[in-house]
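These are my notes from a first look at this structure. I wrote down each thing as I looked it up.

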Amino acid sequence: MLISYNWLRELTGTKLTPLELRERLTMVGLAIDSVDENEGDSLLDVEVPSNRPDCLSHVGIAREVAVIEKSKVQSPKSKVPKTQGKASDFAAVEIEDPYLCSRYAARIVRGVKIGPSPDWLAKRLNEIGQRPINNVADITNYVLHELGQPLHAFDLTKLNGQKIIVRRARAGEKLQTLDGVDRVLDNEMLVIADAERPVALAGIMGGLDSEISTSTVDVLIESAYFDPDSIRRTARKLGMDTEASKRFERGADCENVVNAQARCVELICEIAGGIASEDVIDVYPRPLTARSITFRPERVESLTSLRVDVAEMDRILVALGFVEGAAAKDTKTFVVPSWRVDVSLEEDLVEEIARHVGYEHIGSELPPSAMAGEYQPAELKRRKIRRALTSLGFDEAINLSFIDPAHDEVFALAATNQLATQSSFVTLSNPILEDVTRMRPSLLPGLLQSLRHNFNQGTRDVRLFEIGRVFAGPDGDELPHESESLALILSGGASEQDRAQASRELDFYDLTGALQAAISALNLPPLVFAEAEVKHLRAGQSANISLADGTVIGSAGTLSETISAGYKFRQRVYVAELDLTAVFEIAEHEIKYTPLPRYPSVVRDVTLLVGRNVAFTELVGAIESEEIDDYQRVKLVGTYEGQNIPAQKRSVTLRVEYRSDQRTLRDEEVEERHRRLLDSLLKKFSAVLH
Amino acid sequence: MQRPFHGLNQIGAFKVMTNPNSPEDPRVAVESARKAFEQEFERFVRLTDASALALSLADAETEQRALADLRTRHMGKKSALAACKKLIGKVAPDERAAFGQLVQRAEAEITERVTTADETLNSLLQSARRERDRIDVTLPGRRPRQGHIHPITKLRERIEDIFVSLGYAIEDDREIETDFYNFDALNIPANHPARAPQDTFYTTEGFALRSQTSTVQIHAMQRRGVPLRMIAPGRVFRRDTPDPTHNPMFFQVEGLCVDRGITMAHLKGTVAEFLRRMFGAQTVTRFRPSYFPFTEPSAEFDFSCFKCGGSGCRICKQSGWIELGGSGMVHPNVLRIAGVDPEIYSGFAFGLGIDRMCALMYGLDDIRLLFENDIRFLEQFD
Ligand SMILES: [Zn+2]
């Protein structure tokens with residue numbers, strides 16, 4: 001809101017310069033965005049907090065300045081007008097809905113001469129960004145910016161029956177507002193009507209029909225108080241935001257209605273001529289009751305640490321318009337001025353005092369130390385996962401939590417959400433991005449989008465991970481299910497730091513390796529991968545991920561060709577997602593020392609030719625289940641397919657380690673054990689030695 | 001076995017210089033030793049000018065072996081020169097000194113030439129070997145590409161570390177909330193515009209996507225009771241159309257401290273300490289009155305511009321201050337709803353946007369980049 005420095009000086013006689021005012025007003029809670037010089041005046045752009053409608057005028061700001069400078073606001077003076085006749089001789093006012101309009105005052109001025117405003121008036125309005133229209137309309141606008149009370153002038157002769165009825169609109173009723181737009185109204189909206197039709201959208205904008213024109217001679221000046229919620233709802237519904245609605249919806253000053261109207265009428269008579277009615281039709285069915293607050297001065301120090309004399313507290317509150325009432329031992333009573341809609345509690349008074357004493361006078365100290373800091377246990381685990389994955393070359397992604405429902409049913413969801421059916425997706429009723437209405441049940445659509453973005457930018461080698469919440473529908477009226485998920489995506493080459501060329505292409509095992517790295521960073525038993533059908537993955541290159549106890553918690557594999565084609569990916573993409581909430585629940589390994597071996601171990605390599613459907617883990621399982629004496633462990637050396645290997649076969653080389661804790665094994669002992677193991681493997685898997 | 005001195009004694013002293021052309025004259029022996037050396041050394045003469053050489057490493061090594069050979073033959077125990085030295089004692093005493101000098105000169109000359117050639121060869125070899133062995137030590141070291149933590153996570157972790165060290169617990173809770181936790185419990189009136197579907201996202205079941213992490217404060221007070229010190233970093237949602245300074249989702253951190261005797265001075269001290277640790281020891285914090293439904297009194301806090309230090313620049317819009325967050329003393333209604341008696345306890349709360357802090361800290365001109373996950377962007381935050 002723009003405030004003219006010269007205008008403010010007329011009201012306060014301020015001795016502060018515009019820049020000093022900027023500083024001082026900011027420090028009482030009225031932040032000044034900018035100060036601009038303009039033809040001998042300065043304009044202050046004040047950011048008025050939403051709870052301070054009383055500051056949306058020059059007098060409102062002047063009140064704060066007067067408290068700052070310990071001065072008084074000088075009420076604007078205008079000439080006493082010529083008056084004649086009772087207002088009720090010329091018009092009638094009726095309020096149908098006193099809850100939406102608790103006060104309506106009408107006064108008549110007859111014989112005005114409509115014309116352009118005098119220069120001083122036009123200049124002032126122009127300066128604060130208001131376009132001058134004609135003298136009468138400009139005066140109502142001027143008084144609004146001076147006193148904060150929105151006013152409206154009707155052409156009296158255009159009001160059918162010279163009647164004002166404040167009522168709800170009838171459904172479907174129409175009104176063309178001053179901006180030329182035809183508005184269709186409903187019965188939630190309050191209108192000002194004459195005997196026949198709406199003539200104004202109450203508290204928001206007048207109607208075109210009853211507008212002041214050059215032929216207007218007699219005017220009715222409206223000054224009223226409308227219910228804030230009603231005005232806000234109507235303005236929102238119609239997409240309107242006017243100087244009047246801005247003030248009414250935050251709360252106007254009920255007790256300023258007649259006062260502001262008098263100022264307006266006086267200026268009209270002075271500038272546009274005419275004779276005012278002797279009195280006002282003031283319909284006030286629900287008079288405001290002033291609030292009074294019990295106040296314990298010691299609360300100022302206990303909440304703010306400021307030590308303020310009680311006399312200074314009184315000075316500030318009284319200067320702000322509070323009226324001191326009955327006092328008792330240690331407590332005082334203050335009556336809240338009608339314009340301060342924001343004040344109702346003792347704490348509010350504490351704030352009034354603190355901001356005028358100045359927050360800069362409040363000390364600055366840490367509270368006495370009392371407690372030990374504490375991370376969320378899951379947060380420490382997340383940190384370990386992030387470190388493990390970034391050290392493997394993954395960048396961390398963060399995507400929006402909402403996605404397009406087109407992704408529904410495309411992705412297999414992590415285990416905890418597997419119960420989710422289409423009907424139990426979480427859906428936004430008011431999305432901001434078109435079609436993006438689902439709370440994501442999976443992190444994969446976001447990561448695929450990120451991959452597409454990177455490909456579009458010419459980045460070919462991409463490894464990303466994301467940790468975030470996923471959502472599934474609620475059971476009944478309960479809140480939706482939220483759980484945490486970890487997803488990985490990778491494609492392209494295994495880039496090396498500071499080198500242009502990747503050392504090799506990434507593949508499925510980079511994906512599973514990264515997952516194992518993340519899990520082992522948490523000191524948990526390794527994940528178990530098993531070939532499985534997963535709908536978003538390519539058959540034969542897709543796996544379920546389970547915990548050691550067999551619970552399936554996610555999937556990993558090559559992205560299916562159909563989805564790949566949909567994204568126009570031209571290189572293979574590997575994706576995995578798992579349920580972190582489940583992972584965080586697993587107990588950590590207990591680390592226990594094992595004595596170092598006292599006797600040497602012997603290793604034997606064996607290369608088996610097995611069917612391509614025999615999994616490495618099956619071989620390992622078979623070896624372990626043999627329970628061969630002195631067997632220690634088996635590790636993969638490598639696998640080979642292709643030349644010299646029959647189709648449907650794969651050669652697998654394993655290294656088996658034997659060791660006794662009692663003595664050094666003799667060669668023939670190892671030979672005998674290894675032989676036994678081989679015989680069983682060859683039989684079990686119809687394998688041959690290679 | 002011959003005893004050399006015995007033979008010498010037998011021969012006895014003899015006059016040598018009587019006839020310089022006599023083959024018996026020992027000077028001839030010296031001369032011939034010199035000559036023989038000269039002749040063989042011919043091929044090494046060019047070595048005196050190292051720069052003229054273009055020997056390969058293998059050739060240089062051959063030359064070095066040849067030179068060593070030559071040294072043995074002309075300077076070794078069995079060399080002609082060594083024989084001449086043995087003659088010195090046999091020369092008549094009056095001529096011995098002169099002859100000795102002659103031999104010495106010859107020896108010095110030969111030694112000097114061989115040594116010079118050897119040194120030349122050596123330096124040649126050294127540099128040839130260096131050429132052979134040279135690698136480019138400036139090539140980038142070998143390591144897999146390093147991944148990057150998202151800048152928001154980086155800041156979030158730093159904020160968490162600071163507050164844990166100040167004795168705060170880190171808390172989080174639901175992202176989809178009831179109206180009670182998102183609004184009512186925070187003293188946001190029923191008609192407050194923030195509740196409107198223009199500002200807050202709602203699910204079709206009528207639940208709100210939390211619009212601030214203050215929701216966590218209520219849960220935490222109910223769960224842990226007071227006294228309490230906690231911060232709640234997390235994702236929040238507001239219905240803003242994406243533009244360079246807005247996203248419909250962003251990250252926020254809210255802090256809460258409730259105890260007996262907590263005042264605004266503690267709020268100021270805590271926020272100032274946090275900002276000093278975040279932006280540097282010289283950071284000055286300013287509090288000014290503001291309005292939030294969940295605090296009373298309320299304050300916004302600014303910090304002295306880290307770019308210009310307060311003199312005014314583009315980042316701080318010439319004011320010297322940068323707006324950072326909101327704060328205040330917890331509203332008595334909020335305390336009561338969470339089951340805390342405001343007559344016994346008081347507390348402060350503050351909140352600030354991590355995305356905004358991120359934009360300030362790294363000079364981001366478009367915060368939509370934060371959720372695009374462009375590798376070229378993410379790589380910049382090491
Ligand atoms: Zn600056």
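**Entry 1: the interface.** I began with a term: buried area is the accessible area, taken with a 1.4 Å probe, that two parts lose on being put together, summed over both. I also noted that the model is predicted. On that basis I looked up what chain B and chain A bury between them, and I found about 8,100 Å², with 53% of it on carbon and sulfur atoms. On the chain B side, I noted that B:R145, B:P289 and B:E296 lose the most area to chain A, together 8% of what that side buries.

I then looked up how many residues take part. The contact draws 95 residues from chain B and 94 residues from chain A.

**Entry 2: polar and charged pairs across the interface.** How many salt bridges are there between chain B and chain A? I counted eleven. One that I looked up by name joins B:E160 to A:R383, where the closest N and O atoms are 3.0 Å apart. I also looked up the polar contacts across the interface of chain B and chain A, and the rule finds 53 residue pairs.

Which element gives the largest share of the chain B side that touches chain A? I found that helix α9 (residues 264-279) of chain B does, with eight residues. I sorted the residues of that side by kind and got 42 nonpolar, 24 polar and 29 charged.

**Entry 3: a network.** I followed B:E160 and A:R383 further and found that both belong to a network of salt bridges. From chain A, the network includes A:E379, A:R382, A:R383, A:R386, A:R387, A:E396 and A:E484. From chain B, it includes B:R156, B:E157, B:E160 and B:D161. Over all chains, I put the count at 96 salt bridges.

**Entry 4: three salt bridges in chain A.** I started with A:R183, which forms a salt bridge with A:D179, the closest N and O atoms being 2.7 Å apart. Is A:R183 buried or exposed? I found a relative accessible area of 9%, so A:R183 is buried. Its partner A:D179 has 39% and is therefore partly exposed.

Next I looked up A:R676 and A:D629, whose salt bridge has its closest N and O atoms 3.7 Å apart. A:R676 lies in helix α18 (residues 667-684) of chain A, while A:D629 sits in the loop between α17 (616-626) and β30 (631-640), so the pair ties together parts that are 47 residues apart in sequence. I noted A:R676 as partly exposed at 36% relative accessibility. I noted A:D629 as partly exposed too, with a relative accessible area of 42%.

The third pair is A:E657 and A:R633, with side chains that meet in a salt bridge of 2.8 Å, N to O. I placed A:E657 in strand β31 (residues 649-658) of chain A and A:R633 in strand β30, so this pair ties together parts that are 24 residues apart in sequence. With a relative accessible area of 13%, A:E657 is buried, whereas A:R633 is partly exposed at 40%.

**Entry 5: two serines.** I looked up A:S491 and found it in strand β24 (residues 481-491) of chain A. Since buried means under 20% relative accessible area, the 0% of A:S491 counts as buried. What does the side chain of A:S491 meet in a polar contact of 3.0 Å? I found the side chain of A:Q571. I also found the backbone oxygen of A:R572 at 2.6 Å from a polar atom of the A:S491 side chain. Leaving out residues up to four places away in sequence, A:S491 touches several others, among them A:L451, A:F455, A:D461, A:L506 and A:V573.

The other serine is B:S214, which I found in helix α8 (residues 214-224) of chain B. B:S214 is buried, with a relative accessible area of 1%. Apart from neighbours within four places in sequence, B:S214 is in contact with B:L186 and B:E254.

**Entry 6: domains.** I ended with the domains. Chain B is divided into domain 1 (16-133) and domain 2 (151-378), and I noted that their C-alpha centres lie 90 Å apart. For chain A, I listed domain 1 (2-69), domain 2 (87-283), domain 3 (291-360), domain 4 (377-584) and domain 5 (602-689). The centres of domain 4 and domain 5 of chain A, taken over C-alpha atoms, are separated by 35 Å.

How values were computed:
Residues numbered from 1 in each chain as written. Chains lettered and ligands numbered in written order. Predicted model: local features only at pLDDT ≥ 70, side-chain atom pairs only at ≥ 80, totals over all residues. Heavy atoms only, no water. Domains from an automatic or database assignment. Helix = DSSP H or I, 4+ residues; strand = E, 2+ residues; numbered from the N terminus. Buried < 20%, exposed > 50% of the residue type's maximum accessible area, 1.4 Å probe, protein only. Contact = heavy atoms within 4.5 Å. Salt bridge = Lys/Arg side-chain N within 4 Å of Asp/Glu carboxyl O. Polar contact = N/O pair within 3.5 Å; in protein donor to acceptor, adjacent residues only side chain to side chain. Nonpolar A, V, L, I, M, F, W, Y, C, P; charged D, E, K, R; others polar.
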